[in-house]
Amino acid sequence: MAEESESEKTEPASQKRLDQAREEGDVPRSREVATFTVLMTAGAGLWMTGSGLVRDLSSAMVSGLALSKEQIFNPDVLLTRVGIDIGRVMLACLPLGVAVMVVALVSPLLVGGWLFSGKAVAPNLMKLNPMRGLGNMVSTNALVELVKAIAKTLVVGFVAYLVVMKQKDAVIGLAMEPFKLGSVHMLDMLGMSFLFIVGALGLIAAIDAPYQMWHYANKMKMTRQEMIQESKESDGNPQIKGKIRQMQREMAKRRMMADVPTADVVVTNPTHYAVALKYTDGSGAPKVVAKGTDEVAAKIRELAREHKVAILEAPALARALYKHSDIGDEIPQRLYAAVAEVLAYVFQLRTFKPGGRYPDRPGKLDVPDDMDPNHPAYELAKQAKQQALQKKTDNNAGNSNGAQQ
């Protein structure tokens, strides 16, 4: 059952899959919508411009059949006259032709949007595969197309029958009308009949457009395994990302260790924590150049001894510096006094000369209780901070709900 669920396409298509399909020219299309809009435009154009079109075409026909002696016996004059008549016919049909062409270009925007894809027009031998063609003939899509064809035939046939029966007497009366008037009347009836018949296709198009959108979305669905694979390709394999993060940590650790010899002092816990500090005159507060616990702390102490960097045991200060400072950052302002006392001791050690008074080692340093992770006040301060944050969040949510109401 688990294997079947993994192979079933139950997940909506991702944006990446939709973009790839669009690049290949695969977008939802409704031929019924395109056909309906083009035919409706042509019918409306004939109905609105019918009288003028008949008049212009009749004039061009009369002009084309009325030839003078010079035109008959002079081919050059005849060709010029024929060219003029053809131009008049094209000019008369131009508005209708332009309207149909514009609608034919715009109609794809209604379903799927306008698209040109080089991959779609590229040669594809798979389209010539007879087995694939046979599969398409017996597919669900082929059955739907058959149902649509039958529905179009029935609907259009029924509407055409109603239109013809309603205009039966008017059609018979055309024989009694003058030629020009009868031609205009006939064109108007044809245009109106055409609009009614094509309008029946609007019902098919209104059903086909949502179906094509649903069918495309269903076709583009993905299996859960495909979603996982795509996520790996997009975001990277978790194992590779983990390896990269490990390498980054190792590189950062090497850079940190390289800065230990430049430190002024290493404050220790004495064994579990070690924080290396460096102070540069005129550059602000002292900065943390390295920190670590356990094995990393031991390595920091070892490097400090090798390069004769002062090591001072100050457990509360070491824990507070480690908890509240990041590598490369200045120390917290509340620890200025304690660190200043430590640096003063270190600088006195550097200037100490044999025979002089040895500097006094710092006693109890001024480390706030709520900054020492091992002090009970730290947990109390942490809980108070969380409660204040939760209260602020609740107040903001209450204000938002009140504004919505």
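Q: Buried means under 20% relative accessible area, exposed over 50%, and partly exposed in between (1.4 Å probe, protein chains only); which residues of H15 are buried?
A: In this predicted model, Ala338, Val339, Val342, Leu343, Tyr345 and Val346 are the buried residues of H15. They cover an arc of only 155° around the axis, which puts them on the same side of H15; the arc is that of the directions from the helix axis to the C-beta atoms.

Q: What covers the buried residues of H15?
A: The cover includes strand S3 (265-268), strand S4 (273-278), strand S6 (310-313) and helix H14 (315-324). Helices (H or I, at least four residues) and strands (E, at least two) are DSSP runs, numbered from the N terminus.

Q: On what basis are the numbering and the values given?
A: Residues are numbered from 1 along each chain as its sequence is written, and side-chain values use heavy atoms, with hydrogens and water left out. This is a predicted model, in which local features need pLDDT of at least 70 and side-chain atom pairs count only at pLDDT 80 or more, while totals for chains, interfaces and linings use all residues.

Q: What is the span of H15, and what is expected at 1.5 Å a residue?
A: The expected span is 1.5 Å times one less than the number of residues. H15 (residues 336-351) has 16 residues, and its first and last C-alpha atoms are 22 Å apart, close to the expected 22 Å.

Q: Why is Val367 called buried or exposed?
A: Val367 has a relative accessible area of 13% and therefore counts as buried. Val367 is found in the loop between H15 and helix H16 (376-404). Beyond its neighbours within four places in sequence, Val367 is in contact (heavy atoms within 4.5 Å) with Ala316, Leu317, Ala320, Leu335 and Ala338. The C-alpha atoms of Val367 and Ala318 are separated by 9.9 Å, and these residues are 49 residues apart along the chain.

Q: What makes S3 and S4 a pair, and in which sense do they run?
A: Two strands pair if DSSP finds at least two bridges between them. S3 and S4 have four bridges, in the antiparallel sense, and Thr268 stands opposite Ala274 in S4. A hairpin through four residues joins S3 to S4.

Q: Which residue in S5 stands opposite Lys278, and over how many bridges do S4 and S5 pair?
A: S4 and strand S5 (residues 287-293) pair over six bridges, again in the antiparallel sense. Lys278 stands opposite Lys287 in S5.

Q: Why is S5 described as enclosed?
A: Five of the seven residues of S5 are buried, so S5 is largely enclosed by the rest of the structure.

Q: Which class of exposure do Asp294 and Lys308 fall into?
A: Asp294 has a relative accessible area of 43% and is therefore partly exposed, whereas Lys308 has 76% and is exposed. Asp294 lies in helix H13 (residues 294-306), and Lys308 is in the loop between H13 and S6. Phi of Asp294 is near 50°, a positive value in a residue other than glycine. Lys308, which is not a glycine, has a positive phi of about 55°.

Q: Why is Thr37 called buried or exposed, and what is it in contact with?
A: At 15% relative accessibility, Thr37 counts as buried. Thr37 is found in helix H3 (residues 31-65), and beyond its neighbours within four places in sequence it is in contact with Val103, Ser107 and Leu110.

Q: Where does UniProt place the feature "transmembrane region"?
A: The unreviewed UniProt entry places this feature at residues 89-116, 146-165 and 186-207; such annotations may be inferred rather than shown by experiment. In the model, residues 146-165 are 100% helix and 0% strand, with end C-alpha atoms 29 Å apart. Residues 186-207 are also 100% helix and 0% strand, and their end C-alpha atoms are 33 Å apart.

Q: What is the pLDDT of the protein chain, and where does it stay under 50?
A: pLDDT is the predictor's confidence in each residue, from 0 to 100. The protein chain averages 77, and 81% of the residues score at least 70. Over residues 1-5 the pLDDT stays under 50, and the model has zero contacts beyond four places in sequence for them. Where pLDDT is low, the predicted coordinates should not be read in detail.
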